[in-house]
Amino acid sequence: MSTEEKELEVTSTEAPKKPARKPRKPVDPAVWEELKAMQESGEVLTVKINAAVNAGVISYVKGVRGFIPASLLSIAYVEDLNEWVDKSIEVKVITVDPEEKRLVLSGKAVEQEKAAAKMDAVNVGDIYDGKVERITSFGAFVGFADDLSGLVHISQMANKHIESPNEVVKVGDEVKVKVIGKKDGKISLSMKAALDADAEVVDNREPAFNYKEEGQAATSLASLLAGIKLD
């Protein structure tokens, strides 16, 4: 192989260079001031998701590229970022850094505020009809009461020991749940307590006769007939 052929071979096997990223257009300082004011006021914005990138998605506010981390996209579990592209969502501005040209948005913050307002109307002891949204090794997340969601721990799924939530439910199942706890924006639910509550309701509707076995309070057919004198 000639020297020229070797040089051609080396050149042909080299990985093509990626085109240089176009520098971002400078942003008017006044726009950064606007974004800072939005952050401080807690203003809710509606933005369109333009693209999915590593660990999050991209949206633009006032022409400024904003990043929404996957963990701040929604209070619900986000499995596929690509499914969010072209959707419009409500967000809040949580980070504004003009020097680093960094803008971070959060859809989760808006959803948390709305959920908090709805949670105020939910009380421990309330019973709801819900639907299983997601199953994990430690329980199932159930949606109920106008887009609220809570965890039914595996220990609260049945009146018997189970090894896996899949023994009791599958995604999409409609279940009855009872609110057993509210803390730090999270709701704890129980299918077992809801079943027990249903049983109590049935007992209250059709009360059984309870005979005491204490002394003279005991009632039986023999005691009723004891005082009857037959000719």
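Two strands count as paired when DSSP finds at least two bridges between them, and helices (H or I, at least four residues) and strands (E, at least two) are DSSP runs numbered from the N terminus. This is a predicted model, so local features need pLDDT of at least 70 and side-chain atom pairs count only at pLDDT 80 or more, while totals for chains, interfaces and linings use all residues. Residues are numbered from 1 along each chain as its sequence is written, and side-chain values use heavy atoms, with hydrogens and water left out.

On the whole, the protein chain has five helices and ten strands. Of its 231 residues, 28% are buried (under 20% relative accessible area with a 1.4 Å probe, protein chains only; exposed is over 50%, partly exposed in between).

**The hairpin.** Strands E2 and E3 run antiparallel and are joined by six bridges. Gly 56 has Pro 69 of E3 as its bridge partner. Two residues sit between the strands, and Lys 62 in that turn has a positive phi of about 55°.

| Element | Residues |
|---|---|
| E2 | 56-61 |
| E3 | 64-69 |
| H3 | 107-119 |

**Cores.** The largest nonpolar core (buried Ala, Val, Leu, Ile, Met, Phe, Trp, Tyr and Cys joined through side-chain atoms within 4.5 Å) has 21 residues, and Leu 35, Val 61, Leu 73, Ile 89 and Leu 103 have the most contacts inside it. Helix H2, strand E1, E2, E3, E4 and E5 each put in at least two residues. A second, separate core of 20 residues includes Ala 140, Val 142, Leu 148 and Ile 162. Back to Ile 89: leaving out residues up to four places away in sequence, Ile 89 touches Leu 45, Thr 46, Val 47, Ile 49, Ile 68, Leu 73 and Trp 84 (contact means heavy atoms within 4.5 Å).

**Helix H3.** With 13 residues at 1.5 Å a residue, H3 should span 18 Å, and its end C-alpha atoms are 18 Å apart, which agrees; the expected span is 1.5 Å times one less than the number of residues. Its buried residues are Gly 107, Ala 109, Val 110, Ala 115 and Met 119, and they pack against E3, E4, E5, E8, E9 and E10. At the N-terminal end, Ser 106 acts as the cap, with a side-chain oxygen 3.4 Å from the backbone nitrogen of Lys 108.

**Asp 173.** This residue lies in the loop between E8 and E9, and Asp 173 is buried because its relative accessible area is 18%. A polar atom of the Asp 173 side chain lies 2.9 Å from the backbone nitrogen of Lys 170. Beyond neighbours within four places in sequence, Asp 173 is in contact with Gly 130, Lys 131, Val 132 and Val 168.

How values were computed: Polar contact = N/O pair within 3.5 Å; in protein donor to acceptor, adjacent residues only side chain to side chain.
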